[in-house]
Amino acid sequence: MVTTKHCCFGVCRSDSRYGDRDHMKGVFFIPFPKRKTNAEKCQRWIRACNREGFTVENVTKDTYMCSLHFVGGKGPTTEFPDPIPATSSSVKVEKIAHKRKAPTSRNKDPVKVAKTHKKRLICNNTAPSTSMPGSQEADDEPTDLPINDDTTTTVDSAILLLKLSSVSGLRSQVMSDKADKSCQADTKYDEVMSLKVENRFLKKKLSKCKNQNVATNQKHFFSVDDVKNDDKQFKFYTGLTWLQFMTLWNFLGLPRDEPSYHKSSLKSGKSPSKRPGMKRRLDPINELFLTLIRLRTGLLHSDLAFRFGIFVSSVSKIVNTWIQFMHLQFSTLKKPMFATRETVARNLPSCFKKFKGIRIIIDCIEFFVKQASNFEQQCNLSSSRRTHDAYKVLVGVSPTGAVMFVSDAYERSTSDVEIVKQSGFLDHLEAGDLVVADQGFTIGEVLAEKGAHLNVPPFSNGRKGRTLQEEIYTEQNERVRIHVERCIKRIKKFRLLRKAIPLSLRLVFSKLVFVAGCLVNFQEPLVT
């Protein structure tokens, strides 16, 4: 029976039963060193395995290690007899596998070799001399030449001169070689320096390309720049064209210090923190863009957070902050928005010529709101004829279709007459003003106290029909009031106001409707 072999190294899964698989090709198993005969090597292999609880006692005759864990993947060699430790990194493995180069042989300096050779020649041979025997020079310098043999002396001297001349020629040749080598060294130095400069330049270029690739691969989030060149798309998201949006941006005016995020008054009992908040991820113009998208499209906070790459909680803070900020800026226009009778008469459309002294057309809008938990609020917001809880807002429109007045939000149980009295609408009227309204506004006596007049369709007073004059009067009134309906439709195109208002926006709902009415004035005029 063939023994099944398993690799005991780390988390290796090599198994002799699956030799036909791709990862097992060329893999063979090496028996573990015996713990008795080769204890030191056995300990080294156990440490390399790095397995918890694996000791010498666990080593048996059937303990194996596969060849993959040795340098080169070919099992133990004389140079690398032990496996690579399981804890080694790829850098360390490469360092282990790297074989150190043999030391280069040191070439002797040829000039020194030539000098040494010359000294040996001088020591071994006598210098040539023309002096007579018995002279002082002959006595001072030892010589091996026979003095009495002139022929031998001459031959030996000639040989020595030839050798010395060959040494001097060798020296000059060595010096020229040295000069050539120094020139070559200078040339190589210049080449190395140019290669280093080129290498540094290419590294910078590679780093720049990597940064560009990282920036390209980063996820692109939605911003104002994506749609500012397409008025159709921009109007879909915000209700304004790009030019109208920039007019709004310039009117609001970016404050010198970025406004801090608005905090709900429900948490005002806590002392405000002086620590700086988290750095904003959106610039102010994109925060305004996000707020208008929330108003216009009614997208959920999580959807906007995903589109703009921010947290869901940040969306709520941004929207509340910018609603508060826009309401603060638009509040300075409350009085100028209510145009004088002279201004209205100067820009009066032709269809209003029969209404002398007309200044404003009024109506009430209802906005659905989610049911409150407070039973008293439930009763005030509900109606016997309607199923939804709602708020009511008084809106006043000029004959050209511009919003002139927006009241605070009142509970549905409040009558139209009471809203007119409590909203401050009467404070803007002057004697001689004409107010056009629906039959529900029985405010003739209230307006008479201010010297103003009311134009409403005539009441039938229990009659089955109206007279011809009453029909003409009603038709004229409806033609005029259609413009306030169109203006209300523009306000309700802000989808956040069309659906049931969430409880989180109840505290700022009046401001929200006022801001929506002011944003309508940044659009094209309804009547020209």
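**Exercise 1. Which residues does Gly 10 touch, not counting residues up to four places away in sequence?**

Solution. Start with the ground rules. This is a predicted model, in which local features need pLDDT of at least 70, side-chain atom pairs count only at pLDDT 80 or more, and totals for chains, interfaces and linings use all residues. Residues are numbered from 1 along each chain as its sequence is written, and side-chain values use heavy atoms, with hydrogens and water left out.

Step 1. Locate the residue. Gly 10 sits in the segment before β1. Helices (H or I, at least four residues) and strands (E, at least two) are DSSP runs, numbered from the N terminus.

Step 2. List the partners. Gly 10 touches Cys 49 and Arg 51. Contact means heavy atoms within 4.5 Å.

Step 3. Check accessibility. Gly 10 counts as partly exposed, at 26% relative accessibility. The cut-offs are under 20% relative accessible area for buried, over 50% for exposed, and partly exposed in between (1.4 Å probe, protein chains only).

Step 4. Compare sequence with space. Gly 10 and His 69 are 59 residues apart in sequence, and their C-alpha atoms are 9.9 Å apart.

**Exercise 2. Explain why Cys 7 and Cys 8 form no bond with their closest cysteine sulfurs.**

Solution. Step 1. Set the criterion. A disulfide is a pair of cysteine sulfur atoms within 2.5 Å.

Step 2. Take Cys 7. The closest cysteine sulfur belongs to Cys 66 and lies 3.6 Å from that of Cys 7, so it is too far for a bond.

Step 3. Take Cys 8. Here the closest cysteine sulfur is in Cys 49, at 4.0 Å, again too far for a bond.

Step 4. Add the surroundings. Cys 7 is buried at 8% relative accessibility, and Cys 8 is buried at 5%.

Step 5. Conclude. The structure holds zero disulfides.

**Exercise 3. Describe the setting of Asp 15.**

Solution. Step 1. Place Asp 15 in the segment before β1 (29-31).

Step 2. Asp 15 is buried, with 6% relative accessibility.

Step 3. Find the side-chain partner. Asp 15 and Arg 17 are joined through their side chains by a polar contact of 2.8 Å. A polar contact is a pair of N or O atoms within 3.5 Å; within protein, one must be able to donate a hydrogen and the other to accept it, and residues adjacent in sequence count only if both atoms are side-chain atoms.

Step 4. Leave out residues up to four places away in sequence. Asp 15 then touches Thr 4, Lys 5, His 6, Met 24 and Phe 29.

**Exercise 4. Is Ser 67 buried or exposed?**

Solution. Step 1. Ser 67 is in the loop between β2 and α2 (90-97).

Step 2. Its relative accessible area is 0%, so Ser 67 is buried.

Step 3. Ignore neighbours within four places in sequence. The contacts of Ser 67 include Gly 26, Val 27, Phe 28 and Ile 30, as well as Gly 73, Lys 74 and Gly 75.

Step 4. Ser 67 and Cys 7 are 60 residues apart along the chain, with 9.2 Å between their C-alpha atoms.

**Exercise 5. Describe how α8 packs against α10.**

Solution. Step 1. Two packed helices are described by the angle between their axes and the distance between the axes.

Step 2. The axes of α8 (residues 284-297) and α10 (residues 312-331) come within 9 Å and cross at roughly 90°. That makes the two helices roughly perpendicular. Axes are lines fitted to C-alpha atoms, for helices over the stretch in contact, and angles run from 0 to 180 degrees between N-to-C directions. Roughly perpendicular covers 65 to 115 degrees.

Step 3. Name the residues. From α8, those in the contact include Leu 288, Thr 291 and Arg 294; from α10, they include Val 315, Trp 322 and Met 326.

Terms used
Parallel < 35°, antiparallel > 145°, perpendicular 65-115°, else oblique.
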